[in-house]
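Please open the model in your viewer and keep a selection tool at hand. The tour moves from one selection to the next.

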Amino acid sequence: MEFLSGRTRGPWCDVVINSLWITLVDNFRPRGGRKLHDSGKGSIRPLGARSGTPDATLSVRDVTAALVVVHRDPQPPRRRRAVTPHSDGRTPVMAVFAQSAPCWVDVQLSDLEAGKRFYGGLFGWTFRAGDGMPFADAYSDGELVAALAAKQDGRMPTTWGVYFSTDDILATVALVRKAGGQVITDPVRAGDAGVLAQAADPGGAVFGLWQAGRRAGFEKSNAPGSFCWTEVHTRRPERVDAFYEQVLGFRGTDIELPGPEGAPEPFRVWSPAGTEPGEDTAVGGRAVITDAFPEMLPSYFLNYFAVADCDRSAETAVRLGGRITAPALDIPYGRMAVLQDDQGAAFAVLQPTEPLR
């Protein structure tokens, strides 16, 4: 059960969306970058870049390399037991994730060492480098919680990404296409850790898929210093709801939320297949980007990390060079804020009112 259990969200959706709009403007306008756009021809290019212009496009290979160092295997991915090795040599433990549950998060950064300093200072994470590879695993109290990766191309967005568990990634990718989504990266091996793919829903929000090999995903969640929630913000709720129901088997529960001036604010929580749909079994959610926000604000996933003290975490983020894009506010299940790290990646922190499960 995630942090929505037994509660109703408060009127903070617009605050969160507005904070991500600030992030978008900061990341792309003042720094001279351009928003990434799917060209529909197996590549991604910045808006405004003419096709055929040298260095204007990012190929699928570029995108894949920026996500993870992988070893291609012509054979179909095989199912394996999910065993996650510890960095200190202790006996690996079995990590179990329900089908379609969020199982991993990582962030793409321009400066990996700066990222270590920021998140180490904010969450107390320690890091283990990937054997000379451009990424680092993050640990909280010795348990794996996330990864930081150095962007292989400066045109890639600086962002946190979420991955959903699947025991048959080939079948899930086929469902993405059938349901009207786009496969950005076809299934590729991440060494013996597992197999990954990247996709976008019909609204354009990007997410990952992960079929476990030796690595199941994070070892710690719903505790301070670790992932606790994800939600997609979209302009196309009907298409997106149907997409995730078909692809990931989610079963939705609509919640009436008090919005601005008491007007209802649409929000849906997702429960995995095989569970009774509702807040008690929710693993993620869907919010709506209204016409009050500029059209250039794209759909996106916002990932939350649990903290012991929301206000102190926000202050620490600023001290470390980050910024607050949505100030701390009380919500029915705790206190939250939306932050940016010192390189522009957005995420939320939550101080729950009671222990998460």
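The stops below cover model confidence, one strand with its partners, and one loop residue.

Begin by colouring the chain by pLDDT, since this is a predicted model. The protein has an average pLDDT of 79, and 70% of the residues score at least 70. Next, select residues 1-11, where pLDDT stays under 50; the model nevertheless has 50 contacts beyond four places in sequence for this segment. Then select residues 68-94, another segment in which pLDDT stays under 50. Here the model has 68 contacts beyond four places in sequence.

Now select strand E6, residues 102-109. Of its 8 residues, 8 are buried. Add strand E10, residues 160-165, to the selection: E6 and E10 run antiparallel and are joined by 5 bridges. Within this pairing, Val105 of E6 stands opposite Val162 in E10. Add strand E9, residues 143-150, as well; E6 and E9 run parallel, with 4 bridges between them. Val107 has Leu148 in E9 as its bridge partner. As the side chains are displayed, recall that in a regular strand they alternate between the two faces of the sheet.

Finally, centre the view on Leu320, in the loop between helix H6 (310-319) and strand E19 (323-331). Is Leu320 buried or partly exposed? Leu320 counts as partly exposed because its relative accessibility is 22%, whereas buried means under 20%. Display Arg117 next: Leu320 and Arg117 are 203 residues apart in sequence, yet their C-alpha atoms are 8.2 Å apart in space. Beyond its neighbours within four places in sequence, Leu320 is in contact with Arg117, Phe118, Gly121, Leu122 and Asp342.

Terms used
Residues are numbered from 1 along each chain as its sequence is written. This is a predicted model: local features need pLDDT of at least 70, side-chain atom pairs count only at pLDDT 80 or more; totals for chains, interfaces and linings use all residues. Side-chain values use heavy atoms; hydrogens and water are left out. pLDDT is the predictor's confidence in each residue, from 0 to 100. Contact means heavy atoms within 4.5 Å. Buried means under 20% relative accessible area, exposed over 50%, partly exposed in between (1.4 Å probe, protein chains only). Helices (H or I, at least four residues) and strands (E, at least two) are DSSP runs, numbered from the N terminus. Two strands pair if DSSP finds at least two bridges between them.
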